Structures are given as C-alpha cells and as structure tokens.
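Got your viewer ready? Let's take a walk through this fold, one selection at a time.

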Amino acid sequence: MSQRTKLFRRKDPYDLPASDEQFLAAVRENCAFHYAHCPPYRRVLDSFSFHPEDLKESSDLTRLPFLPTATFKHHRLFSLPRRRMAAVSTSSGTSGQVSEIGFDFPALWCDWNMLWRIGRTRGFFSPRPTHYIILGYPLRRGNRTAVARTAFGATLLTPALSRTYALQYENGHYVPDMDGVADALIRHAASRFPTRLVGFPSYTYFLLRLLERRGVRLRLPAGSKLMLGGGWKQFYAQQVDKTLLYALTERVLGVQEEYIIEVFSAVEHPILYADCVHHHFHIPIYSRVIIRDVTTLEPLPPGQPGLVEFITPLLTATPILAVMTDDLGILHPGGSCPCGNPSPWLEILGRVGLKEIKTCAAGAAELLSGGGKP
C-alpha cells in the first residue's frame, strides 16, 4: 500500500499532529515519483539542488521547491501518459488561459475518501431526495472544467430529484438564465423535499437580489442548504461581505446561516476545504499550508499575512506537490477557532497581482523549457 493511500485512509481528517509522519512519507514518495517521471519537474528540483531524500522531517517541507499556479496555465506537466489517466480537469479560464491537471485512478479513490470523511463533519450526505439549483455551469461534453464537475458531483451527495442550472449553453456560449432559476426555486419552495443551492456565491447573490426585487419571500423546506464555492471571479467588483450574503439568504429563502456551507479548492490543488460552523477553512490532514512573505518568499509564522502555498501528495499524474498561489492569506493557529476543531485554519484575504509572483512564474517557465540551471 502506498504512503498516499495510507494517509487518505486515516480516520480523523483534521488530526494534523498524528498525521505529520505519514504526510511527510507520502510527500517524499510523491516527490520521488515526479522526479523520476517528469523531466521538467526534475529540472526544477535540480536547479535548487533539492532531492526527494532531502525530505527528512516536517520542517523540510518549507524547502521543497514550489511551482506557481501560473506555471500550469502555460505548461502541460504530466508524470503519466494520458492513456493511464482517469481524467483531465481544467481551470475555468477567467484569466484567458487554463491549467490542465491530470488525475490518476488511485487519486480518485483518495478523493472520494476525503469527501466522505470531511463531508460527514458538515452534513454533506443525506438519504432524503433533494432538488438542486446549480449556480454555475452544466456538465456537458467538451466542458472539462473542475468547477463544472465539482458542482455536478455535489448533486450526488443526496438522491437528486431535479437539477436546474443558472447557466445555459447556447450557440457555443454560456448565458445566464436567472429568471428560470428563480421560477424553479419558487416551485421547489412548495415541495415537501429540501432544496440545495450549489455553486458560485456571485450568482447566488444575484439570484437572491432578483427575488428580493420581485418582493419574493420564501421558506424552503427543512433540510435545505446552500453549498457555495468557486469565489466571485470576474464579479469581484460586486463582491459583498459574507454577513450580508448570509442575512440576505435568511431574509429571502428562510435558510439560516448554520445551513450555509462554503467550500474552497482549486484545480491546481484539488483538496477539499469545507468551512466549519464559524466559516473557517480548517486544514485537513491531506495538505499543509505555508504562508510566505510577499517580498522574500520566506515562510511566515501563524497570524501574519502573505502568499498562500499549498502542499499535497494527492496526484501522481501531475506534479502539483507544492504550488504557490496568487492568493493572500493568513494561517491561524490550531485551537484558535471556537468550533473546537484543533486544526489550523486558513483565511483568504484576496487575490493579488504582485511583481514577485510574475517573477517567480517567469523563473519556473525558464527552467521548464530547459533553460536556467541544469
């Protein structure tokens, strides 16, 4: 059994101290695999004189060379041939370019195990049939975006009575149909079965405002939930404070804040972060988060803002072992959340476009193309 499988089989998804040794072993195993099977990735590690065997203790994780997420938008990095991949997912491409990330078959089992263990802590699963409003893209042939697959996957957490999508594919383009979604939501409010709204918080907000302008006040059946994820993306200028969105949800739909769940993930880091009842993203055992200084890229102690780096040994098809995002965040110490979860939690402050990120991405591009140090 691989070290990765052992890690994803652990029962407690948030006991980081107990999983530290297993996590390090899985990272070392994953690093060695990519080093052996992905020549561009090997060039990056060699340029830093870093070898997988250098991962001897947890503190060595901060020395593991990372790839900026922008790297995956310009390079197709794979450690397996495509015929041995279970799936290939892409980012949404709101910046004009997409990342392409391959999934191996064992990773899908690990993904499901992660979903089961984390989802049970937040009430994802229910045997009760449910109506779904998907505030995002429909899953269709040709759409390999991770966000579309994730949204559809969320409708499998209960028996789905219906699926209504906010975006419709017409003449080669996605167009919003908020009026149709609003009408469906009004119909579902009269059902004896619950409704779940799944998808982008931006579209959720637009839908709620539409209903409010119509003077609509609903009381969705007991068991109804909102499951939000994907961020505001191109609608960042319209982004509102979470407390305003929660209050609007209760006012228009009758769904209280405790039934609003937010999830966080990325195609370059497909680990599930589900918020707790206080809406904090606790770090699961399947990943580690490093906050780095925006100027020096040195790791920072808990409580200080910086660039967010993620580490996970989930995939062998693509070397996403350590990725640096363009998100600014704070890692709060374990035990600081009143929910009782002992794991540290990540606060995302926003997305940045810093010169240091562009410089780091340019350096990685040179190495991946064969330039730079051998």
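Which elements do the buried residues of α8 pack against? Select α8 (201-213) and look around: its buried residues pack against β4, β6 (167-170), α7, β8, β9 and α9. Contact here means heavy atoms within 4.5 Å, and buried means under 20% relative accessible area, with exposed over 50% and partly exposed in between (1.4 Å probe, protein chains only). Helices (H or I, at least four residues) and strands (E, at least two) are DSSP runs, numbered from the N terminus.

Before going on, a word on what you are looking at. This is a predicted model, where local features need pLDDT of at least 70, side-chain atom pairs count only at pLDDT 80 or more, and totals for chains, interfaces and linings use all residues. Residues are numbered from 1 along each chain as its sequence is written, and side-chain values use heavy atoms, leaving out hydrogens and water.

**Stop 1: helix α8**

Stay on α8 and show its side chains. Among its buried residues are Pro 201, Tyr 203, Tyr 205, Leu 207 and Leu 211. The end C-alpha atoms of its 13 residues are 18 Å apart, which agrees with the 18 Å expected at 1.5 Å a residue; the expected span is 1.5 Å times one less than the number of residues. After the helix comes Gly 215, with a positive phi near 80°.

**Stop 2: helix α9**

Now pick α9, residues 242-253. This helix has 12 residues and reaches 16 Å from its first C-alpha to its last, close to the 16 Å expected. Which of its residues are buried? They are Leu 245, Tyr 246, Leu 248, Thr 249, Val 252 and Leu 253. These residues cover an arc of only 165° around the axis, so they sit on the same side of α9; the arc is that of the directions from the helix axis to the C-beta atoms. Turn to the face pointing away from that buried side, and you meet the exposed residues Thr 243 and Leu 244.

What do the buried residues of α9 pack against? Their partners are α7 (178-189), β8, α8, β9 and β10. The helix lies across β8 (195-199), β9 (225-228) and β10 (260-266), at about 135° to β10. Axes are lines fitted to C-alpha atoms, for helices over the stretch in contact, and angles run from 0 to 180 degrees between N-to-C directions. Just after α9, look for Gly 254, which takes a positive phi of about 75°.

**Stop 3: the open sheet**

Next, select the strands β5-β4-β8-β9-β10-β11: in that order, these six form an open sheet with mixed pairing. β5 (160-165) and β11 (269-274) are at the edges with a single partner strand each, so one side of each has no neighbour in the sheet. On average, neighbouring strands are turned by 20° against each other, direction ignored.

Zoom in on β4 (residues 130-135), which pairs with β5 in the parallel sense over five bridges. Two strands pair if DSSP finds at least two bridges between them. Click Ile 133 and you can find its bridge partner in β5, Thr 164.

**Stop 4: salt bridges**

How many salt bridges does a search of the whole structure find? The count is 14, where a salt bridge is a side-chain nitrogen of Lys or Arg within 4 Å of a carboxyl oxygen of Asp or Glu.

Try Glu 268 and Lys 73, whose side chains meet at 3.7 Å, N to O. Glu 268 is in the loop between β10 and β11 and Lys 73 in helix α4 (residues 69-74), so the pair ties together parts 195 residues apart in sequence. Glu 268 is buried at 7% relative accessible area, while Lys 73 is partly exposed at 22%.

Then jump to Glu 309 and Arg 292, with their closest N and O atoms 2.5 Å apart. Glu 309 is in strand β14 (residues 306-311) and Arg 292 in strand β13 (residues 288-292). Glu 309 is buried at 0% relative accessibility, and Arg 292 is buried at 4%.

For a network, select Arg 209, Glu 212, Arg 217 and Arg 251, which are linked by salt bridges.

**Last stop: His 34**

Finish in helix α2 (residues 16-37), the place of His 34. Is His 34 buried or exposed? His 34 is buried, with a relative accessible area of 0%. Leaving aside neighbours within four places in sequence, its contacts include Tyr 41, Ser 79, Leu 315 and Pro 319.
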